[in-house]
Amino acid sequence: MSDDMLRAPAEVKYAEELDYLESIDDSPKPFSWRLSPRMIRLFILGSERSDGIDREIPQKWFGDRSFVERSIVTLASDRGLLLIGDPGTGKSWLAELLAAAICRNSTLVVQGTAGTTEDHIKYSWNVSMVIAKGQSRESMIPSPIMTAMETGVIGRFEELTRSTSDVQDALISILSEKYVSIPELDDDNIVFAQPGFSIIATANSRDRGVNDLSSALKRRFNFVRIPVVTNKKSEAEIVRFRTEELLRRHRIELDVPPTLLDILLQSFADLRSAAASATSDDEKLESALSTAEQIGVLEDAILHSNFFGDRTLRAQTLASSLVGSLARRSPEDLAILNKYWHGVVEPRSKKDGGEWPEFLEGGREAIATLS
Ligand SMILES: Nc1ncnc2c1ncn2[C@@H]1O[C@H](COP(=O)(O)OP(=O)(O)OP(=O)(O)O)[C@@H](O)[C@H]1O
Ligand SMILES: [Mg+2]
């Protein structure tokens with residue numbers, strides 16, 4: 001089934017694994033959850049030998065287990081879960097995995113934007129049906145959040161802080177009263193949340209201040225802060241995991257040499273430490289240099305090699321895709337990359353050799369083309 005979707009939701013992609021875990025799960029489950037908290041943790045973080053199960057469950061989200069545990073515990077309480085952190089730290093991915101494991105439905109999602117209205121989190125009307133038959137439950141269009149309430153599953157709210165305070169206020173009543181009233185209707189005008197309903201929201205810490213959350217709303221959420229992965233080993237694992245998936249999805253057979261992954265990881269680590277010691281924004285790349293961006297660089301390079309190259313990823317291609325993705329502002333970003341290439345890549349290439357000289361050359365050319 002997942003073959004005819006550009007991107008299958010986690011519950012479809014891992015359906016077979018989830019079925020298996022459900023079949024061996026004999027621990028107590030909160031509400032109408034499909035899996036127990038321990039099994040959810042195992043699904044997300046992967047199995048270890050000591051778990052004593054018959055098959056290996058691969059790790060899907062990389063990060064400290066305490067974040068996953070706190071998230072699961074929160075969802076079993078009557079508070080919502082707010083995953084907050086820098087862009088590209090895997091918040092949305094964790095939210096999706098949690099919803100898939102808990103209720104096999106990760107697609108009841110509302111996207112927070114400046115244009116999100118109360119209707120998007122409550123309900124709206126099918127206008128032609130209202131004209132034909134009047135307002136009734138039939139002519140009402142429930143929002144994803146309302147559907148989640150009615151069916152006792154997880155609703156997701158992406159980029160909560162980008163929505164206006166009106167919308168955030170409406171969410172307060174949903175999270176505290178756990179019902180939505182429909183004043184337009186005379187009877188059957190309250191939708192109660194079924195047990196199991198909760199909300200997983202995500203917020204980008206760089207957006208903070210756009211609409212600072214009200215303290216009333218803050219109280220109804222448990223915050224789980226997801227840090228940028230700086231541990232090179234975990235980061236390598238994330239990049240490898242995503243790359244394999246990407247190759248499978250595009251049905252590409254291509255060799256990604258581990259030495260090039262090391263170069264990619266090293267460059268990001270170097271650029272991050274340069275950003276950390278920069279004194280002004282002009283000396284900092286516009287990019288947050290997240291793991292997600294690293295994956296993006298690699299994805300571009302892989303596709304490029306596949307379509308235009310000889311189906312082997314080369315250091316030169318990697319360098320030009322790195323420069324291409326990170327040089328967003330001209331001249332500031334280009335100047336920073338130029339400095340990095342002269343001050344770091346050049347000495348490294350003399351000292352370490354290997355693929356570095358080709359990486360050096362590729363980057364130089366790309367910078368020259370863009371300048
Ligand atoms: N810790 C992680 N474990 C597994 N995958 C990760 C992790 N961090 C990032 N990724 C991968 O990076 C990509 C982007 O992650 P995601 O969209 O979840 O980030 P986000 O935190 O929601 O970012 P934003 O704030 O920009 O919405 C996904 O493909 C995700 O799988
Ligand atoms: Mg996100």
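**Ligand site, pockets and one small void**

The largest share of the shell around ligand 1 comes from α5, which puts in 3 residues. The model is a predicted one, and the ligand makes a handy place to start. In total, 16 residues surround ligand 1, with Phe62, Gly88, Lys91, Ser92 and Arg242 the closest. Three helices, α5 (91-103), α11 (232-249) and α13 (291-308), each supply at least two residues of that shell. Sorted by class, the shell around ligand 1 splits into 7 nonpolar, 5 polar and 4 charged residues.

As for polar contacts, the backbone gets a say: a polar backbone atom of Gly90 is 3.1 Å from an oxygen atom of ligand 1. Side chains join in too. An N or O atom in the side chain of Glu159 is 3.1 Å from an oxygen atom of ligand 1, and a polar side-chain atom of Asn204 also lies 3.1 Å from a ligand oxygen. Taken alone, ligand 1 exposes 630 Å², and the protein buries 82% of that area.

Next comes the space around the ligand. Ligand 1 sits in the largest pocket, whose volume is about 1200 Å³. This pocket is lined by 37 residues, and those closest to its centre are Arg7, Lys13, Arg242, Glu245 and Arg249. Arg242 thus turns up on both lists, being among the residues closest to ligand 1 and among those closest to the pocket centre. Helices α5, α11 and α13 are the elements that give two or more residues to the lining of the largest pocket, and they each supply at least two residues of the ligand shell as well. The leading contributor changes, though: α11 provides the largest share of the pocket lining, with 7 residues, whereas α5 provides the largest share of the ligand shell. By class, the lining of the largest pocket holds 14 nonpolar, 9 polar and 14 charged residues.

The second largest pocket comes in at about 390 Å³. Of its 19 lining residues, Leu42, Gly46, Ser47, Glu48 and Asp51 are the closest to the centre. Helix α3 (residues 37-45) gives the most to this lining, namely 5 residues; Leu42, one of the residues closest to the centre, falls within the span of that helix. The class breakdown for the second largest pocket is 6 nonpolar, 6 polar and 7 charged residues.

Then there are the closed spaces. Rolling a probe the size of a water molecule over the atoms shows where empty space is left. With a cut-off of 30 Å³ or more, the count comes to 1 cavity. The largest cavity holds about 40 Å³ of space and is lined by Leu271, Ala274, Ala275, Glu283, Leu285, Leu289 and Ile336. Helix α12 (residues 258-277) makes the largest contribution to that lining, 3 residues. By class, the cavity lining has 6 nonpolar residues, no polar ones and 1 charged residue; the charged one is Glu283.

A couple of backbone oddities round things off. Ser330 and Pro331 are joined by a cis peptide bond, with omega at about 5 degrees. Pro331 is found in the loop between α14 (315-326) and α15 (332-352). Lys178, for its part, has a positive phi of about 60 degrees despite not being a glycine, and this lysine lies in the loop between α9 (165-177) and β6 (179-181).

Key. Residues numbered from 1 in each chain as written. Chains lettered and ligands numbered in written order. Predicted model: local features only at pLDDT ≥ 70, side-chain atom pairs only at ≥ 80, totals over all residues. Heavy atoms only, no water. Near = heavy atom within 4 Å. Polar contact = N/O pair within 3.5 Å; in protein donor to acceptor, adjacent residues only side chain to side chain. Areas by Shrake-Rupley, 256 points an atom, 1.4 Å probe, with all protein chains shown as cover. 1 Å grid on protein atoms, 1.4 Å probe; cavity = no way out; pocket = protein on both sides within 12 Å on 5 of 7 lines; lining within 4 Å. Sits in = over half its atoms within 2 Å of the grid points. Helix = DSSP H or I, 4+ residues; strand = E, 2+ residues; numbered from the N terminus. Nonpolar A, V, L, I, M, F, W, Y, C, P; charged D, E, K, R; others polar. Points joined across faces, edges and corners; volume = space filled by probe spheres on them.
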